[in-house]
Structure formats: structure tokens, C-alpha cells
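Got your viewer open and a selection box ready? Here is a short tour, stop by stop.

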Amino acid sequence: MGSGFLSTISNNIKTGLGSLSNPEEFTLDSVQSIFRGMVSFYSRATLPFMFCILVIVVVANLLQSGFIFTAKPLQPKFSKLNPISGLKRVFGSVRTIAETATNSMKLLVVALIGYITVGPELSKIPNLLSLSVVATVIYLSKLAFILLFRVFIFLMILALFDFFYRKYEYKKNLRMSKQEVRDEFKEVEGDPLIKRRIRQRQFEMARRRMMSDVPKADVVITNPTRIAVALKYTGAGVPAPLVVAKGAGAIAKRIISIAVENDVQVVENKPLAQVLFNTVDVGDIIPESLYRAVADVLAYVYKLKSRMAKRAGVGRGARLA
């Protein structure tokens, strides 16, 4: 629409200036009439451009946020007329101060671009009076295009920087603080303190259950008091002895004490006790590599029990006699 627009403007300017060719007609009323006519003309001439800008703005907002119809922004707010409230909005936080400073810098840079672009051309303005209307319009159009293009480049660079900064700030605001992570972990996984207490309670229950199995064991192998491993061989579908209890330190002493109280044989075998403690868990059968060593210990225990049973039988028979 540019060429037709320029042609229409030039014709309108010629008509307006031509109507003032007679000095006698150059009166206040005639100038006001011509001015009103030119304002009306330019309003109609720029209407297509304004309509295009309106469509672009509406479409851009719809693409960004969708269709939102609300009359809330049109409601009068008397608090906005309060200068103190306005100063609080402008200087109330670091972010608003930064935005105010950024907007001020934008205006200063745009003004500087305008001065750098138009300043060198000011000396050529008086010469426009000797040019034709078309040449004047073309010159001013070129100057305006250069000015707008430079401002456009600056604002485009600023917009790209602002876009990436807003994206970074948005992602940063989405991150949770350490306290929020802790709170969410508590909600999802449970309170660590409660979980620790539950584990402690489970450990105590398992230890009590393990201690209750010590009297049922066939033998307790020790190292000699630092480690204790209780074994039981059921023989009912189980190919090897089971570890029914094990422990170190105070737990080992407790296992030995319970074994002695319940006549369970305690055998000192440091290497075997160390291997059993480190490789076999409670409730598991011993590995095949330890069959021979454990079998020797059990054989010794069974032989010892047999002797004790015979002695007990002989003693009982002697008392009866």
C-alpha cells in the first residue's frame, strides 16, 4: 500500500498548500479548515495500517495466553492515583527497580539512536523547502526507515536477551528449595526419623526372634567371644545346616549365654566362625565349600552328646541299683 499511500498524501498536500496560494485567503479560518481536512484525511489513510497493527497485537496475545475476556483491568482503582503507592510499586522490590531501570535504559538508548540518526541530517532540513513535495516525502521516508530499522535491531536484540533471561528465571523459580525438597521427601518417602525408628524396631524384633532360635540350635561356633554363629541341622529336606543366629560383640556374648543356659554345645573354631559370620546370613544354609568343616564340628558335637547321654544313663542305672 506504500506507493498509493504516498501518492495520495502528496496530492492532498498539493491541494492544501495550493488553496493558500492567494495571500488574501491565508486566514485563521482557512488554515483551521485545511488542518481539519488533513487530519480527517490522514485518519482515513492510516486506518488500514492501524487495523493491521491491531490484528497483529490481538493474534500475538491469543497465541501467548489464549482467549481471556475480563473487565477487571477496566475497573477504576483509586489506589493507583496515590503517589506513595505508585512509588512503592516502582521501588518496592529489587525486581521492580530492575525493570524500571531497564525501561529507562531502553528510552535512553532509543533516544540516543534517534539523535545519532537524525542529528547529522538537521543541517539538510532547510534545503527541503527547495525540493518538490514528492522528493521531500521520499527523503523523510528514507530517514524514518533508517531510524525505525535501527530501533528495530536494538529492540530485537533486547527482546532475544529478555526471552532467554525470562526462560532462565522461569525455570529457576520452578526449582524447589532445600526445605521444599525435604518436605516432599517426607510426604513421599516418610519422615526419616520415623523410618529410622521403624527400622530399629524391626531390627530389635528380628534380634529377639533370632535369640529365641538359639536354644533350638545344635551348636554355637565362636571366635571365641567376639563372634558367635548358631547352626541347626534339621535334615528334613534341607541338604545342609542352617544359620539360625549370629552376632558380634555383645550380641555374640548373649548368644553364647543363651546356648549355655539351654545346654547347646559351644565350640571354639576361629576360622570357621569368621567365614560363617561374613558369608552366610541368618536363615540361609551354609555353602557347599563349608560342608566338610561343619560336618566335622557336628560329628564332634553329636559324639559328645552321645557320651553325655550314656553317662547320664549309667548314672541313673547305678542310682536305681
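The stops below run from the whole chain to single residues.

**The whole chain**

Start in cartoon view, and keep in mind that this is a predicted model. Colour by secondary structure and you should find 10 helices and four strands. Walking along the sequence, the order is α-α-α-α-α-α-α-β-β-β-α-β-α-α. Now colour by burial: of the 321 residues in the chain, 19% are buried. If you draw contacts between residues at least 6 apart in sequence, 66% of them join residues at least 24 apart.

**The largest nonpolar core**

Next, select Val-219, Ile-221, Leu-231 and Leu-276 and show their side chains. The largest nonpolar core has 18 residues, and these four touch the most other members. To see where the core comes from, highlight strand 1 (219-222), strand 2 (227-232), helix 9 (270-279) and helix 10 (291-320), the elements that each give two or more residues to this core. Helix 10 contributes the most, with four residues.

Stay here and centre on Leu-231. What does Leu-231 touch, once residues up to four places away in sequence are left out? The list is Ala-217, Asp-218, Val-219, Ile-221, Leu-242, Val-243, Val-244, Leu-276, Ile-286 and Val-294.

One of those partners, Ala-217, takes you to the next selection. A second core, separate from the one you just viewed, has 15 residues, including Ala-217, Ala-228, Ile-255 and Ile-258.

**A loop with an unusual phi**

Select Asp-263, in the loop between helix 8 (250-261) and strand 4 (265-268). Why stop here? Most residues other than glycine have a negative phi. Asp-263 is not a glycine, yet its phi is positive, at about 60°. Turn on the surface and check whether Asp-263 is buried or exposed. Its relative accessibility is 69%, over the 50% cut-off, so Asp-263 counts as exposed.

**The largest pocket**

Now move to helix 4 (94-118) and helix 5 (133-174), the elements that each give two or more residues to the lining of the largest pocket. The pocket has a volume of about 330 Å³. Of its 12 lining residues, show Glu-99, Thr-102, Asp-162, Tyr-165 and Arg-166 as sticks, since these lie nearest the centre. Colour the lining by class and you get four nonpolar, two polar and six charged residues.

**Thr-136**

Stay on helix 5 and pick out Thr-136. Thr-136 has a relative accessible area of 16%, which is under the 20% cut-off, so this residue is buried. Which backbone atom does its side chain reach? Draw a distance from the Thr-136 side chain to the backbone oxygen of Ser-132 and you should read 2.8 Å. Setting aside neighbours within four places in sequence, Thr-136 is in contact with Leu-128 and Leu-131.

**Tyr-42**

For the last stop, go to helix 2 (residues 28-65) and select Tyr-42. Its relative accessibility is 26%, between the 20% and 50% cut-offs, so Tyr-42 is partly exposed. Beyond its neighbours within four places in sequence, Tyr-42 is in contact with Ile-9 and Ile-13. Add a C-alpha to C-alpha distance from Tyr-42 to Ile-9: the two are 8.1 Å apart in space and 33 residues apart in sequence.

Notes. Residues are numbered from 1 along each chain as its sequence is written. This is a predicted model: local features need pLDDT of at least 70, side-chain atom pairs count only at pLDDT 80 or more; totals for chains, interfaces and linings use all residues. Side-chain values use heavy atoms; hydrogens and water are left out. A nonpolar core is a set of buried Ala, Val, Leu, Ile, Met, Phe, Trp, Tyr and Cys residues joined through side-chain atoms within 4.5 Å. Buried means under 20% relative accessible area, exposed over 50%, partly exposed in between (1.4 Å probe, protein chains only). Contact means heavy atoms within 4.5 Å. On a 1 Å grid over the protein atoms alone, a cavity is a set of points where a 1.4 Å probe fits but cannot get out, and a pocket is an open set with protein on both sides within 12 Å along at least five of seven lines; lining residues have an atom within 4 Å of a point. Grid points are joined across faces, edges and corners, and a volume is the space filled by probe spheres set on the points. Ala, Val, Leu, Ile, Met, Phe, Trp, Tyr, Cys and Pro count as nonpolar, Asp, Glu, Lys and Arg as charged, and the others, Gly among them, as polar. A polar contact is a pair of N or O atoms within 3.5 Å; within protein, one must be able to donate a hydrogen and the other to accept it, and residues adjacent in sequence count only if both atoms are side-chain atoms.
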